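Good morning, and thank you for the time on the agenda. I should like to take the group through one model, with attention to helix packing and charged side-chain pairs.

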Amino acid sequence: MPRKYRHIGDYEKEIIEMWTNGMTLREIGEKLGYTLQEMKDFKSRYNAKQRKIEAGIALKAKGRPPKDYEVTEDMKIKELKYIIARKDSKIKRLEMENELMRDFLSLTERK
């Protein structure tokens with residue numbers, strides 16, 4: 001019997017390849033030694049990550065950085081892009097709320 005705990009992310013390429021070739025999550029899990037629930041969780045995390053990448057949102061590492069952690073220019077650029085994307089989405093949301101409020105006031109014949 002294989003070890004109980006292995007990082008499923010180490011098998012990401014294999015899982016995606018098998019999945020695109022038409023294997024079910026249950027079959028992939030049985031082949032690699034994971035449960036169906038672990039495969040479902042992996043698929044939802046993978047899809048969420050892909051949505052963030054398509055939306056242009058920078059993927060940020062979780063947790064506290066190690067002591068020997070150095071911030072590179074690339075990391076600074078990614079952080080700034082992330083901040084700009086968040087501000088743009090907030091501005092877009094506020095513009096939509098403003099438009100809804102104007103429509104509501106015009107329908108109620110107020111100014």
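I shall speak about helix contacts, then salt bridges, and finally one loop position.

Please keep in mind throughout that this is a predicted model.

Let me begin with the helix pairs. Two packed helices are described by the angle between their axes and the distance between the axes. At what angle do the axes of H1 and H2 cross? Helix H1 covers residues 12-20 and helix H2 covers residues 25-32; their axes come within 10 Å and cross at roughly 140°. H1 is therefore oblique to H2. In handedness, the crossing of H1 past H2 is right-handed. On the H1 side, the contact is formed by Glu14, Ile15, Met18 and Trp19, and on the H2 side by Ile28, Lys31 and Leu32. Sorted by class, this contact between H1 and H2 holds five nonpolar residues, two charged residues and no polar ones.

The next pair is H2 with H3. Here the axes lie 9 Å apart, and the packing angle is about 115°. The two helices, H2 and H3, are therefore roughly perpendicular to each other. Their crossing, too, is described as right-handed. From H2, the residues Leu25, Arg26, Ile28 and Gly29 meet Leu36, Met39, Lys40 and Lys43 of H3. The contact of H2 with H3 comprises four nonpolar residues, one polar residue and three charged residues. I would draw your attention to Ile28, which is listed in the contact of H2 with H1 and again in the contact of H2 with H3.

I turn now to the salt bridges. How many are there in the model? The count comes to four, and I shall discuss some of them individually.

One salt bridge joins the side chains of lysine 49 and glutamate 12, with an N to O distance of 3.7 Å. This pair links distant parts of the chain: lysine 49 belongs to helix H3, residues 36-55, whereas glutamate 12 belongs to helix H1, and the two are 37 residues apart. Are these two side chains buried, partly exposed or exposed? Lysine 49 has a relative accessibility of 30%, so it counts as partly exposed. Glutamate 12, at 22%, also counts as partly exposed; the cut-off for a buried residue is under 20%.

Two further salt bridges lie within helix H4, residues 73-107. In one of them, glutamate 73 pairs with lysine 76, and the closest N and O atoms are 3.8 Å apart. These residues are separated by about one helical turn, because they stand three residues apart in H4. Glutamate 73 is exposed, at 56% relative accessibility, while lysine 76 is partly exposed, at 43%.

In the other, glutamate 97 pairs with arginine 93, with 2.8 Å between the closest N and O atoms. Glutamate 97 and arginine 93 are four residues apart in H4, and so again about one helical turn separates them. Glutamate 97 is partly exposed, with a relative accessibility of 42%, and arginine 93 is partly exposed, with 40%.

Lastly, the loop position. Where is alanine 61 found? Alanine 61 sits in the loop between H3 and H4. Its relative accessibility is 76%, so alanine 61 counts as exposed. Between the C-alpha atoms of alanine 61 and phenylalanine 42 there is a separation of 17 Å, the two residues being 19 residues apart along the chain.

That concludes the presentation, and I welcome your questions.

Notes:
Residues numbered from 1 in each chain as written. Predicted model: local features only at pLDDT ≥ 70, side-chain atom pairs only at ≥ 80, totals over all residues. Heavy atoms only, no water. Axes fitted to C-alpha atoms, helices over the stretch in contact; angles between N-to-C directions. Parallel < 35°, antiparallel > 145°, perpendicular 65-115°, else oblique. Left-handed = near helix turned anticlockwise from the far one by under 90°. Contact = heavy atoms within 4.5 Å. Nonpolar A, V, L, I, M, F, W, Y, C, P; charged D, E, K, R; others polar. Buried < 20%, exposed > 50% of the residue type's maximum accessible area, 1.4 Å probe, protein only.
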